[in-house]
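Let's walk through this model together, from its buried helices to its less common backbone angles. Keep the viewer open as you read.

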Amino acid sequence: VDIVVKSKGGNKTTHMPYGLMHEDINYSGDGGLYAELIRNRAFQGSDMYPVSLAHWSSVNGAVLSIKNLSEPLSSALPSSMNVAVSKNSSSGDIGFLNAGYWGMDVRRQKYKGSFYVKGDYKGSFTASFQSALTNDTFGSVEIKSKAKKDEWVQHSFTLIPKKDAPNGNNTFALTFKSSGVKGGSLDFNLISVFPPTYKGRENGLRIDIAEPLAATQPRFLRFPGGNALEGPDINNPWKWNETIGPLKNRPGRPGVWGYQTSDGLGLVEYLQWAEDMNLEPILGVWAGLALNGEFLTKEELGPWVQDALDEIEFIRGPVSSPMGKLRASLGHPKPWPLRYVEIGNEDWLAGAPASYDAYKEYRFPMFAEAISTKYPDIQIIASPSVYDNMTIPAPYAGDYHPYREPDNFYNEFHKFDSLTKDNKTLVGEFSSTHANGGIKWAGQLHPFPWWIGSVAEGIFMIGAERNGDRILGSTYAPMIRNMNSWSWSICMIEYEADARKTSLATSYYTFKFFSTRPIFQTLPTTPDEGNTTSLFWGAGVGEDGEKIVKFANYNTTSSAPTPVKLSFDDEDAKEAKLTMLTGTGDPYAYNEPLKPNRVVKETSRTLRANRKGLFEFEMPELSVAVVELTGR
Ligand code: AHR
């Protein structure tokens, strides 16, 4: 292929070509990015996931039970754990231990913990980490009791283990002297332990997961879902105002992916995450449609429209506004920036009663009109897109979620070329999910991102980026997966309790490869940017004015490499840097979870142009590459 990159005629693109999307799926919030080590820390429950003592067990014969005390810790946390001295506990240390999210990472670093206790106790508590497999204790700390008979008293501690645990099979224990207990038992709630977090945020993110996400140099964060925003039924959407403030005021809720969520990773934590990674927040607001298909009528929606306005005011309103004041009272007087709001998730106007003109007078327009009247600078995004047979009236944008077979991405490279400027679109979720062959959703998702799927995603990313004046940005989804329990296998990052084992899927490499070399101004090429038989490309100008050409080669019929001739029409180009990702030769190769990368190989070399300014190189059958013009 003989490609000439033109110097004129392109478009300025979005400022946020790549970003992140997060919802609590695959234990990606609780048990994942949210760094809390204690599972079921506050005995939260719902009709769907009743309160229980799951993940707690007794130490030295203590009798554990759930109590709903007449004076609970808070109305949000009505249940607590009663720990009673029994005949079997003699006068020794009794207490309880927590098994964490399939263990916990214990190392010589500073852990910060706290718990609430109610009851008459003189003496001290001991907090410790130990192996679940051996008798090894890695570290412990004594905490002097301030406990009172009729009052919930919070205790805080710092615990620095003396040695690293060899693996993640560890537990946390809290014990006390049974002889010091008057009244036979103590009540506990909100028992929490955090390791060091990303950028040192209190109640923050797990470093081993946050760092590789940050390394993709994302520009936006879409949250809190996905399906998680919608909630399992009409009574349980994600309610922003129940996810803010002290943890004891957060009731949690039944998530949509098979578990109760604590909402410790709440609205403020999402915004801090955005702040810490310099991300443009894309806030999803609930639009009256639940995942099970239940929906609110037009008449019932009014309070939810107001709720969305309140949430926006909480985020960016002045301190003089009621919600801005609330934000300030939580320690954040400074408003956060918010310029993008998405109405619902994958709404597709499902369930719209036939008697309404759904476009003109129902869910989406009700929210969109109210928000843009009050906040005309906010870009409203509808949760379906023009690719879902929806008309999204300008200036509103749509959201497109292609979960595809690799061949689909190959065939749809030109999909966005015909988008009009009135059809701005976010790609709020994308990935190769199913093997080629047309089984689609009738079959299983592929067990892991795999090389041919990751290269196809590369084609898709180029297709989106070269239309970046109308594509607001693109993000892979879901991003992360706890290997102990998951419902969605295709994710960029896998992990378990042992933070030393966090692993990166093949798609992480292709995503990061392109996301860290963003184009902010497209440049046309001849032949027209795009595919020949197997080679796809797109050209543009990067952040520092450098010319960039991105390539993906998806040759499934021949192992012969594709020769490329590349030149620039206005440059006396002499030198360029060619960086390339290749696989093992096996299109189905994938990185094993919790193991180092074995599939993706990155190589880099300097290309020198011939006297006519022509660069020549070859693209292997399944590969992605970037050429950056360096020397003139
Ligand atoms: O990313 C997994 C799910 O796929 C999201 O929750 C939903 O938006 C989409 O259908």
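## Buried helices

Helix α10 has Thr506, Ser507, Tyr508, Tyr509, Thr510, Phe511, Lys512, Phe513, Phe514 and Ser515 as buried residues. Here a residue is buried if 20 or more other C-beta atoms lie within 10 Å of its own, exposed if 12 or fewer, and partly exposed in between, with C-beta atoms placed from the backbone. Helices (H or I, at least four residues) and strands (E, at least two) are DSSP runs, numbered from the N terminus. Because 10 of the 10 residues of α10 (residues 506–515) are buried, the helix is largely enclosed by the rest of the structure.

Before going further, a word on the source: this is a predicted model, in which local features need pLDDT of at least 70, side-chain atom pairs count only at pLDDT 80 or more, and totals for chains, interfaces and linings use all residues. Residues are numbered from 1 along each chain as its sequence is written. The protein chain has a mean pLDDT (the predictor's confidence in each residue, from 0 to 100) of 95, and 97% of its residues reach 70 or more. For the complex, the predictor gives an ipTM of 0.99 and a pTM of 0.97.

Helix α3 (residues 267–277) has 8 of its 11 residues buried, so it too is largely enclosed by the rest of the structure. Those buried residues are Leu267, Val268, Glu269, Tyr270, Leu271, Trp273, Ala274 and Met277. Their cover includes α1 (207–214), β13 (220–223), β16 (280–285) and α4 (298–316).

## The nonpolar core

A nonpolar core is a set of buried Ala, Val, Leu, Ile, Met, Phe, Trp, Tyr and Cys residues joined through C-beta atoms within 7 Å. The largest one has 174 residues, and those with the most contacts inside it are Leu221, Ile459, Met479, Met492, Ile493, Phe551 and Val627. Helix α9 (residues 451–465) supplies the largest share of this core, 9 residues. Two residues are in contact if their C-beta atoms, placed from the backbone, lie within 7 Å. Leaving aside neighbours within four places in sequence, Phe551 is in contact with Leu535, Phe536, Trp537, Met619, Val624 and Ala625.

## Strands and sheets

Strand β7 (residues 111–121) is mostly covered, with 8 of its 11 residues buried. Two strands pair if DSSP finds at least two bridges between them. β7 pairs with strand β10 (residues 153–159) in the antiparallel sense over 7 bridges, and Gly113 stands opposite Phe157 in β10. With strand β12 (residues 181–194), β7 runs antiparallel and is joined by 8 bridges; there Tyr116 stands opposite Asn189.

An open sheet of 3 strands follows the order β19-β21-β23, with parallel pairing. Its edge strands are β19 (398–399) and β23 (471–474), each pairing on one side only. β19 and β21 (residues 425–427) share 2 bridges, and Gly398 stands opposite Thr425 in β21.

Which residues does Ile381 contact, leaving aside its neighbours within four places in sequence? They are Tyr340, Val341, Glu342, Ala397, Gly398, Asp399 and Leu426. Ile381 lies in strand β18 (residues 379–382), and counts as buried because it has 26 C-beta neighbours inside 10 Å.

## Around the ligand

The ligand is surrounded by Glu23, Ile25, Gly225, Gly226, Asn227, Asn345, Glu346, His401, Glu429, Ala477, Pro478 and Trp488. A residue is near a molecule or strand if its C-beta atom, placed from the backbone, lies within 6 Å of it. By class, this shell has 4 nonpolar, 5 polar and 3 charged residues. Ala, Val, Leu, Ile, Met, Phe, Trp, Tyr, Cys and Pro count as nonpolar, Asp, Glu, Lys and Arg as charged, and the others, Gly among them, as polar.

## Backbone angles to look at

Most residues other than glycine have a negative phi, and most peptide bonds are trans. The following places depart from that pattern.

| Place | Angle |
|---|---|
| Phe223 to Pro224, cis | omega near 5° |
| Ala394 to Pro395, cis | omega about 10° |
| Asn203 | phi about 55° |
| Asn278 | phi about 60° |
| Asn389 | phi near 60° |

Pro224 lies in the loop between β13 and α2 (227–230). Pro395 lies in the loop between β18 and β19, and Asn389 is placed in the loop between β18 and β19. Asn389 is exposed, with 8 other C-beta atoms within 10 Å, whereas Asn203 is partly exposed, with 19.
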